[in-house]
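Me: I would like a close look at a single part of this protein, taken slowly and with the surroundings included.

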Amino acid sequence: MSTVTSTTTHRSVLSLARRTAWLANALFWSAFAVLEAVNHGWLAGTLALAFFVLPDLTFLVALDDAPRMAKGQLSPRAVPYYNAMHRALIPLALLLAYAFQPVFAWAPAFAALCGWLAHISYDRAFGYGLRTKEGFQRD
């Protein structure tokens, strides 16, 4: 087996493992969001669903640029918003604050963060990551 083939195989196995881990993560956060909605009512469920959809609404920031973009390209004006809403560290940091600060102890907020993390995790599991400053998917 050549070195190039070995490296390619190693990369594809690593990519599959990474995407599988993201999918497991997505299923965990989805289940947690549903659990929070069942336990805490319609507001928790509504916020979980809203924050599940919210990260992709960043596409609307530069909707007028869409006809001029290449296939799969996001407008460079929308990239900072898209990338900010698709970084897992932001909702994870908010979850940490939620866990240690009684000010944030509101179940619908926790459900919203679960929905947001589920969205990010599904995107990563299906191969959608952060964007370059030009608006294309990063490798």
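Me: Does Leu54 count as buried, partly exposed or exposed, and what is the relative accessibility behind that?

Reply: In this predicted model, Leu54 counts as partly exposed because its relative accessibility is 31%, and its place is in the loop between α2 (42–53) and α3 (79–85). Leu54 also belongs to a nonpolar surface patch of about 610 Å², which is made by Leu49, Phe52, Val53, Leu54, Leu57, Leu60 and Leu63. Membership of such a patch requires over 30% relative accessible area, and Leu54 stands at 31%.

Another member of the patch, Phe52, is partly exposed with a relative accessible area of 30%, and deserves attention for its aromatic contact. Phe52 and Tyr122 form an edge-to-face aromatic pair, with 6.0 Å from centre to centre and 85° between the planes. Because Phe52 lies in helix α2 and Tyr122 in helix α5 (residues 107–125), this pair ties together parts that are 70 residues apart in sequence. The two partners fall into separate classes of accessibility, since Tyr122 counts as buried at 19% relative accessibility, whereas Phe52 is partly exposed.

The pair between Phe52 and Tyr122 is one of nine aromatic pairs in the count. Another of them joins Phe28 and Phe32, again edge-to-face, at 5.6 Å centre to centre and with 90° between the planes; these two residues are four apart in helix α1, which means that about one helical turn separates them.

Terms used
Residues are numbered from 1 along each chain as its sequence is written. This is a predicted model: local features need pLDDT of at least 70, side-chain atom pairs count only at pLDDT 80 or more; totals for chains, interfaces and linings use all residues. Side-chain values use heavy atoms; hydrogens and water are left out. Patches are made of residues with over 30% relative accessible area and no salt bridge: like charges are joined within 9 Å, nonpolar side chains (Val, Leu, Ile, Met, Phe, Trp, Tyr) within 5 Å. Accessible areas come from the Shrake-Rupley method with a 1.4 Å probe; for residues, only the protein chains shown count as cover. A salt bridge is a side-chain nitrogen of Lys or Arg within 4 Å of a carboxyl oxygen of Asp or Glu. Buried means under 20% relative accessible area, exposed over 50%, partly exposed in between (1.4 Å probe, protein chains only). Rings of Phe, Tyr and Trp (its six-membered ring) pair if their centres lie within 6.5 Å; planes under 30 degrees apart count as stacked, over 60 as edge-to-face and the rest as tilted.
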